[in-house]
Amino acid sequence: PSGLDGTTVDVPTTTFDDIGGLEEPKRELTRAIEWPLVAPELFEDLNIEPPAGVLLYGPPGTGKTLLARAVASSSEANFVAVNGPELMNRYVGESERAVRRVFERARSNSPSVLFFDEVDAIGATRTQDSDSPATERVVSQLLTELDGVEGREGITVLGATNRPRRLDDALLRPGRFDRVVSVPLPDHAARAEIFRIHLADKNTAPFDSDGLAERTDGYTGSDIAAVVREAGLAAIESRLADASDPPATGDGHPAIRIEAEHLRHGL
Ligand code: ATP
């Protein structure tokens, strides 16, 4: 459900198995977010401070949002999502208050993962913005809230950005986004896995995931999802063209087959 403040709260069903590659970020998030949420007493007992916040950075479409949802799911935590640009634009002049409300929402839904997508829109370097007084106040509010998060109170803050250099340095200090995790483009093995994941629940002709990976160097996970969608639409098109009424379903009719022309849709 979407709140009046533009945030959404749900318990995601995405799992780490739905995400191809990204072994390092999965491991990092498990340690930094899942463990403190599911076994806070161990952190207490061993006197280990969990990170206050984790920042995911990498190109668009590489799976940052998926990772965030998956770790909320594996932690059995609520997922409270906030879009940075939306928070800044929708509440012009009131973004400061919106930041405060978002943290309240995360607290009242604890255990929770509070996810700021495109966090750089909020935390852009204060001096680099023309409307700096407003930006300045929003950033300081965000800093205040982050400082108020005790890792042990059942909320963890996760941020995602494509432009980590735009982030205000103050956000990266200890006790804030103090773990920075890279979410890179998928390599060959990861692309093959992403094709397998996206084709697994579909009616597909036999396919060669290695061959597909070979031909999609530089594609993101989201590009691969677009390729699969395009191939799916082509299969629907050819069934509709089969002149049968109603459209043909089931065995003997064209299944999804990824052709060269569909690959172009990724990029
Ligand atoms: P943005 O920076 O644009 O918000 P993002 O990094 O958050 O992008 P996601 O929203 O997580 O990217 O990914 C978009 C879609 O691309 C996903 O819903 C999924 O279908 C697909 N996708 C991306 N990465 C992967 C992956 N590693 N494994 C499987 N699917 C992926």
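1. Let's start with strand S5, and with the reminder that this is a predicted model. Both faces of S5 are covered. On one side sit Ile155, Val157, Gly159 and Thr161, on the other Thr156, Leu158 and Ala160, and all of these are buried. Put as a count, 7 of the 7 residues in S5 (155-161) are buried.

2. Which strands pair with S5? Strand S2 (residues 53-57) does so in the parallel sense, over 5 bridges, and Val54 stands opposite Leu158 of S5. Strand S4 (residues 112-117) also runs parallel to S5, joined to it by 5 bridges. Here Val113 stands opposite Thr156. Leu158 and Thr156 both belong to the side of S5 that also holds Ala160.

3. Now to the ligand. There are 18 residues around it, and Gly20, Gly61, Lys64, Thr65 and His198 come nearest. By type, the shell divides into 6 nonpolar, 9 polar and 3 charged residues. Three helices each supply at least two residues of this shell: H3 (64-74), H8 (188-200) and H10 (221-240).

4. Which parts of the protein lie opposite the ligand's oxygen atoms? A backbone N or O atom of Leu66 is 3.0 Å from a ligand oxygen, and a backbone N or O atom of Thr62 lies 3.2 Å from one. With Asn162 the side chain is involved: one of its N or O atoms is 3.1 Å from an oxygen atom of the ligand. As for cover, the ligand has 630 Å² of accessible area on its own, and the protein covers 78% of that.

Technical notes: Residues numbered from 1 in each chain as written. Predicted model: local features only at pLDDT ≥ 70, side-chain atom pairs only at ≥ 80, totals over all residues. Heavy atoms only, no water. Near = heavy atom within 4 Å. Polar contact = N/O pair within 3.5 Å; in protein donor to acceptor, adjacent residues only side chain to side chain. Areas by Shrake-Rupley, 256 points an atom, 1.4 Å probe, with all protein chains shown as cover. Helix = DSSP H or I, 4+ residues; strand = E, 2+ residues; numbered from the N terminus. Nonpolar A, V, L, I, M, F, W, Y, C, P; charged D, E, K, R; others polar. Buried < 20%, exposed > 50% of the residue type's maximum accessible area, 1.4 Å probe, protein only. Pairing = 2+ DSSP bridges.
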